[in-house]
Amino acid sequence: DGALLASIEAASVAFRSVAAHLSRVYAVGGFDSQAKRNLGARVDGGLDVVESLDVLSWDWDPLTPLPESRTRSGAAVAGRKLYVLGGLRGQEAVPRTDSL
């Protein structure tokens with residue numbers, strides 16, 4: 001089952017932000033809780049990784065990394081852009097919004 005496979009691939013990453021647009025689900029930042037995946041840069045436990053799940057094929061696609069790693073941010077799609085708002089890097093707040 002493609003849905004099960006797609007969810008297992010992302011299972012070790014926690015505190016990600018997600019947003020959906022058309023047939024894509026975007027997963028942003030987070031914390032690799034089991035250190036199972038070689039994902040992006042890690043700074044104080046945060047990741048700079050941005051991935052997109054195509055819900056029609058169940059394939060994960062890597063996208064351009066965040067300029068600053070983070071966990072627990074907000075994410076939304078408006079127009080043709082993915083916005084990532086705030087979050088944490090370690091115990092410090094990330095006071096920025098990025099558009100990808």
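This passage describes the fold, the core and a surface patch of a predicted model. Local features require pLDDT of at least 70 and side-chain atom pairs pLDDT 80 or more, while totals for chains, interfaces and linings use all residues. Numbering starts from 1 along each chain as its sequence is written, and side-chain values rest on heavy atoms, with hydrogens and water left out.

The protein contains 1 helix and 13 strands, taken as DSSP runs (H or I, at least four residues, for helices; E, at least two, for strands) numbered from the N terminus. Along the sequence, the pattern reads α-β-β-β-β-β-β-β-β-β-β-β-β-β. Of its 100 residues, 36% are buried, that is, under 20% relative accessible area with a 1.4 Å probe, protein chains only (exposed, over 50%; partly exposed, in between). Among contacts (heavy atoms within 4.5 Å) between residues at least 6 apart in sequence, 41% link residues at least 24 apart.

Turning to the interior, the largest nonpolar core comprises 7 residues: Ala19, Tyr26, Val28, Val50, Leu66, Leu82 and Val84. Such a core is a set of buried Ala, Val, Leu, Ile, Met, Phe, Trp, Tyr and Cys residues joined through side-chain atoms within 4.5 Å. Two or more of the core residues come from each of β3 (24-28) and β10 (81-85). Beyond its neighbours within four places in sequence, Val50 touches several residues, including Val28, Leu66, Leu82 and Leu100.

On the outside, the accessible surface amounts to about 5800 Å², 55% of it from carbon and sulfur atoms, as computed by the Shrake-Rupley method with a 1.4 Å probe. Val55 lies in the loop between β7 (50-54) and β8 (59-62) and is partly exposed, at 30% relative accessible area.
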